Amino acid sequence: MPAPNIVNVTTIFGKSQYQQLTDTMANVITNGSTSGNVLKVNDIIVSNYTTSSIQTNVAIGRSTNEFYLAGNMAVPANSTLVVLAKDTAIYMEEGDYLEANASSATAAHITVSYEVIF
């Protein structure tokens, strides 16, 4: 589907998604292919709450392609990695999805704040 026109926006909902990361790439947020919405992703933060360093991947999926925002990025023990901040926000068109993983299945959480625009 084409990107919806956001010139005449009638509604914007602020949302946050919180998720445990596993060692397999999994969807964190999805913009359905017929949603009629644009998602504006403002922040993506990966938090490592263990005493060992981990690696993380965060990607935007479009069709059958993945576009990495963070590829095999190290997240030191007991710290966070800011993958995306509001000053570098991105838009997700219909059919796009944000996915992520971590090298350890029980070591990290991801927080994504975004806006649903329609």
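Two strands are counted as paired if DSSP finds at least two bridges between them. In this predicted model, strand S3, which covers residues 38–48, meets that condition with strand S9, residues 108–117, through 10 bridges in the antiparallel sense. Within this pairing, Asp 43 lies opposite Ser 113 of S9.

Strand S3 also pairs with two further strands. With strand S7, residues 90–92, the pairing is antiparallel and comprises 3 bridges; here Val 41 faces Ile 90 of S7. With strand S6, residues 79–84, S3 shares 5 bridges, and these two strands run antiparallel as well. Ser 47 has Thr 80 of S6 as its bridge partner.

Another group of strands forms an open sheet. This sheet contains 4 strands in the order S2-S8-S4-S5, and the pairing is antiparallel. Strand S2 (26–30) and strand S5 (65–75) occupy the edges and have a single partner strand each, so one side of each has no neighbour in the sheet. On average, neighbouring strands of the sheet are turned by 20 degrees against each other when direction is ignored. One of the pairings in the order given is that of S4 and S5. Strand S4, residues 54–62, is joined to S5 by 8 bridges in the antiparallel sense, and Thr 56 stands opposite Met 73 of S5.

The interior was examined next. In soluble globular proteins, nonpolar side chains tend to be buried together. The largest nonpolar core of the model consists of 25 residues. Ile 29, Ile 44, Val 58, Leu 98, Ile 110 and Val 112 have the most contacts inside this core. At least two core residues are supplied by each of S2, S3, S4, S5, S6, S8 (97–102) and S9. Strand S9 provides the largest share, with 5 residues. Strand S9 is thus linked to S3 by 10 bridges and is also a contributor to the core.

Nonpolar residues also occur on the surface. Ile 6, Val 9, Ile 12 and Tyr 91 together form a nonpolar surface patch, with a combined accessible area of about 350 Å². Of these residues, Ile 12 belongs to strand S1, which covers residues 12–20. Tyr 91, another member of the patch, falls within the residue range of strand S7, 90–92.

Terms used:
Residues numbered from 1 in each chain as written. Predicted model: local features only at pLDDT ≥ 70, side-chain atom pairs only at ≥ 80, totals over all residues. Heavy atoms only, no water. Patch = residues over 30% accessible without salt bridge, like charges linked within 9 Å, V, L, I, M, F, W, Y side chains within 5 Å. Areas by Shrake-Rupley, 256 points an atom, 1.4 Å probe, with all protein chains shown as cover. Salt bridge = Lys/Arg side-chain N within 4 Å of Asp/Glu carboxyl O. Axes fitted to C-alpha atoms, helices over the stretch in contact; angles between N-to-C directions. Core = buried A, V, L, I, M, F, W, Y, C linked by side-chain atoms within 4.5 Å. Buried < 20%, exposed > 50% of the residue type's maximum accessible area, 1.4 Å probe, protein only.
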